[in-house]
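Please open the model in your viewer and keep the sequence panel beside it, so that you can select residues by number as you read. The tour goes from one selection to the next and says what is there each time.

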Amino acid sequence: MSEQSTEKQTDAAPGARASRRSYFMILLFVALALGLFAWHPDDLYLWVKALHIIAVISWMAGLLYLPRLFVYHTDAEPGSQQSETFKVMERRLLKGIMTPAMMLTWIFGLYLAWSVYGFHGGWLHAKIGLVVLLTGVHMYLSRAVRAFARDENRHTARHWRLVNEGPTLLMILIVILAVVKPFA
């Protein structure tokens, strides 16, 4: 059997490769964004909006998936192989996808709010307020990743199922405000 086929994804080498790929993709995304700002095409707004939507989708995927991992991690015996695997998954999801996507969401979103709307509009203020709450959920989940990493989770699987509903509700409200713009 070759060494590569016995290597587990929780081992250090695959983790280092996954981190490098993740950082490369983030750098590529940022280089694309910087290139667009330097080139400044006539349709820059549409490019920034597309990058914003890509970042939001990536962030939301993590916000919806991480609490589900916590539900299953809660049932794993601390120190077990299953628990250690969940720790790796949670850490990689948070650091490699969620946090960079959140930062890019904020950067592109604030640029759009400033360049297109001049930070005016009640719907925009409400949307930004809800994104602040979503960021609070992100920080709560980030603290939970650290607690699970120390085998110090104090919450039940039911708690994490309920926490999983928060990002969904906030996402629905944010999308309605962004698309419908119900008040000025």
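How many salt bridges does a search of the whole structure find? The search finds three, and each of them will be a stop on this tour. Please keep in mind throughout that the model is predicted.

**The whole protein**

Begin with the whole chain in a cartoon view, where the secondary structure comes to seven helices and zero strands, so that reading along the sequence gives the pattern α-α-α-α-α-α-α. Along its principal axes, the C-alpha trace spans about 55 × 40 × 20 Å. Of the 184 residues, 35% count as buried, while the protein exposes about 11,000 Å², of which carbon and sulfur atoms supply 67%. If you consider the contacts with a separation of 6 or more, 74% of them come from residues that are 24 or more positions apart.

**Helix H4 and its kink**

Now select residues 81-115, which form helix H4, a helix of 35 residues. From its first C-alpha to its last, H4 reaches 50 Å, which is close to the 51 Å expected at 1.5 Å a residue. Then centre the view on Leu94, where H4 has a kink of about 35 degrees.

**The salt bridges**

Stay in H4 and show the side chains of Lys87 and Glu84, which form a salt bridge whose closest N and O atoms are 2.8 Å apart. Why are these two residues separated by about one helical turn? The reason is that Lys87 and Glu84 are three residues apart in helix H4. As a general point, an α-helix has 3.6 residues a turn, so residues three or four places apart point the same way.

Are the two partners buried or exposed, or something in between? Glu84 counts as partly exposed because its relative accessibility is 32%, whereas Lys87 counts as buried because its relative accessibility is 12%, and buried means under 20%.

Add Asp151 to the selection, since the side chains of Lys87 and Asp151 also meet in a salt bridge, at 3.0 Å from N to O. Lys87 lies in helix H4 and Asp151 in the loop between H5 and helix H6 (157-163), so this pair ties together parts that are 64 residues apart in sequence. Asp151 is partly exposed, with a relative accessible area of 34%. With these side chains on the screen, you can see Glu84, Lys87 and Asp151 joined into one network by salt bridges that share partners.

For another of the salt bridges, select Glu152 and Arg150, whose closest N and O atoms are 2.9 Å apart. Glu152 counts as partly exposed, with a relative accessibility of 33%.

**Two buried residues**

Next select His52, which lies in helix H3 (residues 44-75). Because its relative accessibility is 11%, His52 counts as buried. Which residues does His52 touch, if those up to four places away in sequence are not counted? They are Thr105, Phe108, Gly109, Leu112 and Lys127, and it is helpful to show them as sticks around the histidine.

Move on to Thr135 in helix H5 (residues 122-149), which also counts as buried, in this case because its relative accessibility is 13%. Leaving aside neighbours within four places in sequence, Thr135 is in contact with Trp59, Met102 and Trp106.

**A nonpolar patch on the surface**

For the last stop, switch to a surface view and select Ile172, Val175, Ile176, Val179 and Val180, which make a nonpolar surface patch of about 450 Å². Within this patch, pick out Ile176, whose place is in helix H7 (residues 165-180). Is Ile176 buried, partly exposed or exposed? It counts as partly exposed, because its relative accessibility is 41%, and that class lies between the limits of 20% and 50%.

Not counting residues up to four places away in sequence, Ile176 touches Lys181 and Pro182. To finish, draw a distance from the C-alpha of Ile176 to the C-alpha of Trp123: the two residues are 53 residues apart in sequence and 9.5 Å apart in space.

Conventions:
Residues are numbered from 1 along each chain as its sequence is written. This is a predicted model: local features need pLDDT of at least 70, side-chain atom pairs count only at pLDDT 80 or more; totals for chains, interfaces and linings use all residues. Side-chain values use heavy atoms; hydrogens and water are left out. Helices (H or I, at least four residues) and strands (E, at least two) are DSSP runs, numbered from the N terminus. The expected span of a helix is 1.5 Å times one less than its number of residues. The bend at a residue is the angle between axes fitted to the seven residues ending there and the seven starting there. Buried means under 20% relative accessible area, exposed over 50%, partly exposed in between (1.4 Å probe, protein chains only). Contact means heavy atoms within 4.5 Å. Patches are made of residues with over 30% relative accessible area and no salt bridge: like charges are joined within 9 Å, nonpolar side chains (Val, Leu, Ile, Met, Phe, Trp, Tyr) within 5 Å. Accessible areas come from the Shrake-Rupley method with a 1.4 Å probe; for residues, only the protein chains shown count as cover. A salt bridge is a side-chain nitrogen of Lys or Arg within 4 Å of a carboxyl oxygen of Asp or Glu.
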